[in-house]
Amino acid sequence: MANGTGLKLRRWLITVITTLAACLGSICIAPTAAGWNLFDDPVTPVAAQVGSLFNLITIITGGILFVVWTVLSVAIWRYRHQPGRIPRLVHGNIVLEIVWTVVPAILLLIIAVPSYRTLMAMETIPPPDLTVEVIGHQWYWEYRYPDSGLILTNQPLRVPAHRNIKLLLTSADVIHNWYVPDFAFKISTIPGRINQTWFRTERAGSFVGQCAELCGTLHSRMQIAVEAMPPEAFAGWQRQMVAQSQGQAAGGAGKALYETNCAACHQLNGEGLAGAIPPLAGAEIPSGPPDAHISLVLKGKMGPLTVKSQTYNGVMPPFVQLSDEELAAIITYERTTWGNRGSTVTPAQVRALRGR
Ligand code: HEC
Ligand SMILES: [Cu+2]
């Protein structure tokens, strides 16, 4: 090949590569510089780390993609078939081989260091300000606060913002998975095993998620909500909940217990939600025989149910975790308010039906 052609080609190559590199640079770096992020406005320190690790890997792999494509395109063009041309035979090139071993090794190291740091941040649970036990059930979540003795079923997990929350997770039946995308981790809840993890939200707010392990027909109903409250508001809420459960022996216990355990679905006024949750006010069961009523609340109910001549087909969760006294108080409250005319129920009646 004449020397002039070789020079022209080299200049041409350099122009193409620098142009492509400039394009790549602006494509990858500009959005990051403009504050774009996969996890917009990360909620937890771990989510922030996962987000920047993702950005780093995207930039590096994007760069590799462009370099490989550029070299490939140039090679395809430069060494295309030309009549009469005999290719030069090359046997190994030490410099080239060292370069293409060392450069990827360095790139892998650049990725490995922050990966390891992110993993450690996920795995190292800092001293917790609050510990919550998470129990997956077909098909709802139960949250227990061992320090205060509170138990929430079918309600948002309430935690203080800006505090380290430790989760101990297990399942009562099959494998579920507690997944809130904003927190950037997924963790299985496995029967007979306790998994641990932690999070700290850097702001108050509601964060939603979903059971992420196919766990049966109503898997899709296992939504998760986390209410991160300002710490003072959380303390107030917790005091109020504890006072409510302690005051249950006194009058009005049934009402308070109904409000914490049932009102999220059946509403404070017992009217339910049109089409989805049957009313308790004026319904047959709360004015009918006590045993059927107690069993339904103990065992829950799935499958079609007709109330005030409308058919519902939702899931009423079981409430076995409540004590005999608590259940008697709630059921009595249901049976004697909102115009219902059912008999009162005693703890002994509940005990007799438990496990049957
Ligand atoms: C997660 C929502 C939810 C919660 C919480 C809930 N229920 Fe229900 N409940 C339902 C649904 C849905 C049905 C209808 C089930 C069906 O269609 O098979 C139902 C049905 C009932 C019925 C029979 C229907 C009627 O109105 O006559 C009673 C009684 C009842 N629930 C009482 C309670 C009590 C007491 C509590 C609290 C201890 C409670 N429920 C908590 C969703 C809920
Ligand atoms: Cu599940």
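**Strand pairing, helix contacts and the ligand shell**

Val180 lies opposite Phe185 of strand 7. The structure described here is a predicted model. Strand 7 is paired with strand 6 (residues 176-180) through five bridges, and the two run in the antiparallel sense. Together, strand 6 and strand 7 make a hairpin in which four residues separate the strands. In the turn of this hairpin, Ala184 has a positive phi of about 60°.

Both strands of the hairpin belong to an open sheet of five strands, whose order is 4-10-9-6-7 and whose pairing is mixed. Strand 4 (157-160) and strand 7 (185-189) are the edge strands, and each of them pairs on one side only. On average, and with direction ignored, neighbouring strands of this sheet are turned by 25° against each other. At the end of the order that begins with strand 4, strand 4 and strand 10 (residues 223-229) run parallel and are joined by four bridges. Val159 stands opposite Ala228 of strand 10.

Another open sheet is formed by five strands in the order 3-2-1-5-8, and its pairing is mixed. Its edges are strand 3 (150-153) and strand 8 (195-199), each paired on one side only. The average turn between neighbouring strands in this sheet is 25°, direction ignored. Within the sheet, strand 1 (residues 130-137) and strand 2 (residues 140-145) run antiparallel and are connected by five bridges. Glu133 is placed opposite Arg144 of strand 2.

Two helix pairs were examined. The axes of helix 2 (residues 45-78) and helix 3 (residues 94-123) come within 10 Å and cross at roughly 165°. Because angles over 145 degrees count as roughly antiparallel, helix 2 is roughly antiparallel to helix 3. The crossing of helix 2 with helix 3 is left-handed. On the side of helix 2, the residues that meet helix 3 are Pro45, Val46, Gln49, Val50, Leu53, Leu56, Ile57 and Ile60. Their counterparts in helix 3 are Leu107, Ile110, Ile111, Pro114, Ser115, Thr118, Ala121 and Met122. By class, this contact comprises 13 nonpolar and three polar residues, with no charged residues.

For the other pair, the axes of helix 5 (residues 253-261) and helix 9 come within 8 Å, with a crossing angle of roughly 95°. Helix 5 and helix 9 are therefore roughly perpendicular to each other. Helix 5 contributes Ala253, Gly254, Lys255, Leu257, Tyr258 and Asn261 to the contact, while helix 9 contributes Glu326, Ala329, Ile330, Thr332, Tyr333 and Glu334. In the contact of helix 5 with helix 9, six residues are nonpolar, three are polar and three are charged.

Helix 9 also takes part in the surroundings of ligand 1. There are 31 residues around ligand 1, of which Cys262, Cys265, Ala283, Gly314 and Met316 come nearest. The elements that supply two or more residues to this shell include the helices 6 (263-266), 7 (284-287), 8 (290-299) and 9 (324-336). Strand 11 (301-302), strand 12 (305-307) and strand 14 (315-316) likewise give two or more residues each. Sorted by class, the shell around ligand 1 holds 21 nonpolar, seven polar and three charged residues.

Key:
Residues are numbered from 1 along each chain as its sequence is written. Chains are lettered from A and ligands numbered from 1 in the order in which they are written. This is a predicted model: local features need pLDDT of at least 70, side-chain atom pairs count only at pLDDT 80 or more; totals for chains, interfaces and linings use all residues. Axes are lines fitted to C-alpha atoms, for helices over the stretch in contact, and angles run from 0 to 180 degrees between N-to-C directions. Angles under 35 degrees count as roughly parallel, over 145 as roughly antiparallel, 65 to 115 as roughly perpendicular and the rest as oblique. A crossing is left-handed if the near helix is turned anticlockwise from the far one by less than a right angle, and right-handed if clockwise. Two residues are in contact if their C-beta atoms, placed from the backbone, lie within 7 Å. Ala, Val, Leu, Ile, Met, Phe, Trp, Tyr, Cys and Pro count as nonpolar, Asp, Glu, Lys and Arg as charged, and the others, Gly among them, as polar. Two strands pair if DSSP finds at least two bridges between them. A residue is near a molecule or strand if its C-beta atom, placed from the backbone, lies within 6 Å of it.
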